[in-house]
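Let's sit down with a model and learn to read it feature by feature. Have a look, and then ask away.

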Amino acid sequence: MSNMRKTFQARGVYVFVMTPFKTTTNRRGQYEIDLSGLEKNIAHFAAVPGDKTMVICGGSGEFYDLSPSEIRDIAHASVAGAAGRCKIISGIGRTDKIAVQMAQAAESAGCDAVLVMPHEPVVKQGDEAIWKRHQLIAKHINIGLLPFRAPSQTLSIDLVKRFANMDKVVAIKEESGAVDWVRTGCLVTQNRVPFITGGSENMVPYYYLSGAVGFTTGMANLTLSRSITLHQTALSGLWDKAMALRDYFEPLSDLRKELGNAMLKTGLELLGLSGGPIRATGKQLSTTERRRVQRLLKQQGIL
């Protein structure tokens, strides 16, 4: 295992932090980022005991609706909110040149690593182009990076082997539902590179049984302490307890599938944190939908 991997310590819950927006708009007619609200949200998450990492500007954080300068500002606010109590990872992407600039800005802000979001023109060129993209980014930063296996970018096992030999790759993120792929990746690399998996809490027991040591979750914006308990239980191999915890999350996941990420933003507001609209659509839940969220959060002991 590389020195950077040892220092980074990838185990834990990776909260895909919602980007809160105000209802006022900027010069481009877009909802303004609530940076002070974000800093307070991160401070709230950072105070929860246990292994957790904040991932800002990921898919749930509306990466594709943010400018590079906004992503930089979000990184600064998040690092300030964390105050050294947890790691911060920033999503980066778009063209190679912009991705490098974003990665450097994240490092300057004090982030611990970057998550390399799939970029379709590169994905279409295949493994070699993806490999060169990650090499280029790594060359220009002195923090870790996480390659991202997604439905749109299914990293091959050959690429996993190569990433395992790249010192700055602190973990590989898997979000395509490929549980067996994770197991194969652990075997071929002899567990030299950690796997962080998606599918939220519902998939944790299966992925951890395959060798994953962390998972990404949007739901943990509302349930971080329980998400950490699930992580610890699965990591300890207490499968009956892990499955019972997994089942606790199912109704929450079902409502999120129905209402989208606006459900999580509403939940944040009900907890006294910052949420706001979805930037691209302006979506906010109706009064009836908000009551449904409130009832479920009370039923699950979150409120």
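Q: Is Ser 60 buried or exposed, and why?

A: A quick word on the model first: it is predicted, so local features need pLDDT of at least 70 and side-chain atom pairs count only at pLDDT 80 or more, while totals for chains, interfaces and linings use all residues. Residues are numbered from 1 along each chain as its sequence is written, and side-chain values use heavy atoms, leaving out hydrogens and water. Buried means under 20% relative accessible area, exposed means over 50%, and partly exposed lies in between (1.4 Å probe, protein chains only). Ser 60 counts as buried because its relative accessibility is 12%.

Q: Where does Ser 60 lie?

A: Helices (H or I, at least four residues) and strands (E, at least two) are DSSP runs, numbered from the N terminus. Ser 60 sits in the loop that runs between strand 4 (52-56) and helix 3 (68-82).

Q: Which residues is Ser 60 in contact with?

A: Contact means heavy atoms within 4.5 Å. Setting aside neighbours within four places in sequence, Ser 60 is in contact with Phe 16, Val 17, Met 18, Arg 256 and Asn 261. With Arg 256 there is also a side-chain to side-chain polar contact of 3.2 Å. That term means a pair of N or O atoms within 3.5 Å; within protein, one must be able to donate a hydrogen and the other to accept it, and residues adjacent in sequence count only if both atoms are side-chain atoms.

Q: What about Met 4: which category of exposure does it fall in, and why?

A: Met 4 counts as partly exposed, because its relative accessibility is 25%. This residue belongs to helix 1 (residues 3-8). Not counting residues up to four places away in sequence, Met 4 touches Asn 142, Ile 143, Gly 144, Asp 167, Lys 168 and Val 170. Take Lys 168: it is 164 residues from Met 4 in sequence, yet the two are 6.3 Å apart in space, C-alpha to C-alpha.

Q: Which residue in the loop between strand 5 (87-92) and helix 4 (96-109) could I look at for its backbone?

A: Try Arg 94, which lies in that loop. Its phi is near 70 degrees, a positive value in a residue other than glycine. Asn 191, in the loop between helix 8 (179-188) and strand 10 (195-197), also has a positive phi, near 60 degrees.

Q: How many helices and strands does the chain have?

A: The chain has 13 helices and 11 strands. Of its 303 residues, 54% are buried.
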